[in-house]
Amino acid sequence: MQTKKIKIYDNSLAVARAFATDLYLLATKAAQPVHIALSGGSTPALLFDVLAEQYAAKMPWHKIHFWWGDERCVAPTDEQSNYKMTSDHLLSRITMPAENIHRVKGEWEPRQANQEYIAEINQWLPKTNGWPVFDLIILGMGNDGHTASIFPHEIHLLNAPEICAVATHPESGQKRVSLTGKVINNAKEVCFLVTGKSKTARVDEIFNQREGYLKLPSSYIQPVQGQLTFYFDKEAASAIKAN
Ligand code: 6PG
């Protein structure tokens with residue numbers, strides 16, 4: 001059964017620190033490889049710095065496999081690349097087996113990169129309900145309510161028949177490879193990291209079911225049998241009523 005938790009911290013650094021602690025507990029307890037899909041965005045960059053600065057020596061990196069929830073179709077050396085961001089802030093600062101890093105080939109033709117990523121996920125991850133099971137998927141929430149690269153104008157990707165799809169950024173037209181809704185909702189744990197004032201209105205719409213919330217892809221992230229946790233800073237969570 002799905003359960004939902006909300007954690008609220010003073011600022012984005014406190015969110016990153018708390019999440020790093022939870023990740024450390026997950027990885028140290030695990031008896032099996034831990035498959036984690038990372039996100040792009042500002043709070044993950046902070047998280048990766050915290051991990052590199054405080055956990056480089058003690059995290060059992062060999063147990064962790066990194067994937068990406070979405071990737072921009074650019075070279076891995078491009079400033080837009082989520083892989084590059086992770087590499088700059090974390091991977092270049094820790095020691096981890098190279099075979100545990102499963103990046104999307106953003107430099108390939110998007111449909112080919114998508115097919116290759118699907119094959120790699122299918123090769124490595126266990127399945128339930130016919131869908132791969134990530135141990136943890138980290139998500140951000142865009143100012144337009146998107147998550148991973150599932151944007152409001154492509155909300156059908158929540159129900160896509162494939163585990164990944166080629167998506168298109170609504171303003172720039174940039175192609176992305178993104179996990180789709182059913183595989184996200186098949187994860188053991190999904191965590192949103194949401195910080196800053198620019199998120200307050202979307203969080204209000206989603207949590208208080210304001211008109212239009214069903215047009216926001218983030219509204220549909222509800223793991224079918226896993227845990228859903230929101231890590232907010234105070235600004236992003238200001239519209240959530242305390243329980
Ligand atoms: C990406 C993302 C995207 C991101 C949100 C939130 O690559 O663009 O993975 O879904 O998580 O846009 O980003 P911020 O945390 O920077 O607001």
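Here a colleague questions a modeller about a predicted model of one protein chain.

Colleague: What makes this chain as compact as a globular protein of its length?

Modeller: Start with the make-up: the protein chain has 6 helices and 11 strands. Its radius of gyration is 17 Å, close to the 18 Å that the globule rule gives for 243 residues, so the chain is as compact as a globular protein of that length. The C-alpha atoms fill a box of roughly 45 × 40 × 35 Å along the principal axes.

Colleague: How much of the protein chain is buried, and how much area does the chain expose?

Modeller: Buried residues make up 56% of the 243. The chain exposes about 10900 Å², and carbon and sulfur atoms supply 50% of that. As for contacts with a separation of 6 or more, residues 24 or more positions apart account for 77% of them.

Colleague: Why is strand 11 called largely enclosed?

Modeller: Count its residues. Strand 11 covers residues 227–233, and 7 of the 7 are buried, so the rest of the structure largely encloses it. Buried means under 20% relative accessible area.

Colleague: Which residues of strand 11 point one way, and which the other?

Modeller: Gln227, Thr229, Tyr231 and Asp233 point one way. Leu228, Phe230 and Phe232 point the other way, and all of these residues are buried. In a regular strand, side chains alternate between the two faces of the sheet.

Colleague: What makes strand 1 and strand 10 partners of strand 11?

Modeller: Two bridges is the least that counts as pairing. Strand 1 (residues 3–9) pairs with strand 11 over 7 bridges, in the parallel sense. Strand 10 (residues 189–194) pairs with strand 11 over 6, also parallel. Phenylalanine 232 is the bridge partner of isoleucine 8, and valine 194 stands opposite phenylalanine 232 as well. From strand 10 the chain crosses through helix 6 (residues 200–207) to strand 11, in a right-handed β-α-β crossover.

Colleague: Where else is there a right-handed β-α-β unit?

Modeller: Strand 2, helix 2 and strand 3 make one. Strands 2 and 3 pair in the parallel sense over 5 bridges. In that pairing, leucine 38 has tryptophan 68 as its bridge partner in strand 3.

Colleague: How do you know that both faces of strand 3 are covered?

Modeller: Ile64, Phe66 and Trp68 lie on one side, His65 and Trp67 on the other, and all are buried. That is 5 of the 5 residues of strand 3 (residues 64–68).

Colleague: How do you know that the span of helix 2 agrees with its length?

Modeller: Helix 2 (residues 42–54) has 13 residues, which at 1.5 Å a residue should span 18 Å. Its end C-alpha atoms are 19 Å apart, which agrees.

Colleague: What covers the buried residues of helix 2?

Modeller: The cover includes helix 1 (12–29), strand 2 (34–38), helix 3 (82–89), strand 7 (136–139) and strand 10. Among the buried residues of helix 2 are Leu47, Phe48, Val50 and Leu51.

Colleague: Why is isoleucine 101 called partly exposed?

Modeller: Its relative accessibility is 23%. Buried is under 20% and exposed is over 50%, so a value in between is partly exposed. Isoleucine 101 lies in the loop between helix 3 and helix 4 (110–124). Beyond its neighbours up to four places away in sequence, isoleucine 101 touches Phe66, Trp68, Tyr83, Leu91 and Met96.

Colleague: Why is asparagine 129 called exposed?

Modeller: Its relative accessible area is 55%, and exposed means over 50%. Asparagine 129 lies in the loop between strand 5 (127–128) and strand 6 (131–132). Its phi is near 55°, a positive value in a residue other than glycine.

Colleague: Why do alanine 148 and phenylalanine 151 count as buried?

Modeller: Alanine 148 is at 11% relative accessibility, and phenylalanine 151 is at 1%. The cut-off is under 20%, so both values count as buried. Alanine 148 lies in the loop between strand 7 and strand 8 (164–168), and phenylalanine 151 is found in that loop too. Alanine 148 also has a positive phi, near 45°.

Colleague: What is phenylalanine 151 in contact with?

Modeller: Leaving aside neighbours within four places in sequence, phenylalanine 151 contacts Asp144, His146, Thr168, His169, Pro170, Arg176 and Pro217.

How values were computed: Residues are numbered from 1 along each chain as its sequence is written. This is a predicted model: local features need pLDDT of at least 70, side-chain atom pairs count only at pLDDT 80 or more; totals for chains, interfaces and linings use all residues. Side-chain values use heavy atoms; hydrogens and water are left out. Buried means under 20% relative accessible area, exposed over 50%, partly exposed in between (1.4 Å probe, protein chains only). Helices (H or I, at least four residues) and strands (E, at least two) are DSSP runs, numbered from the N terminus. A crossover is right-handed if, with the strands pointing away from the viewer, the path from the first strand over the helix to the second runs clockwise. The radius of gyration is taken over C-alpha atoms; the globule rule is 2.2 Å times the number of residues to the power 0.38. Contact means heavy atoms within 4.5 Å. Accessible areas come from the Shrake-Rupley method with a 1.4 Å probe; for residues, only the protein chains shown count as cover. The expected span of a helix is 1.5 Å times one less than its number of residues.
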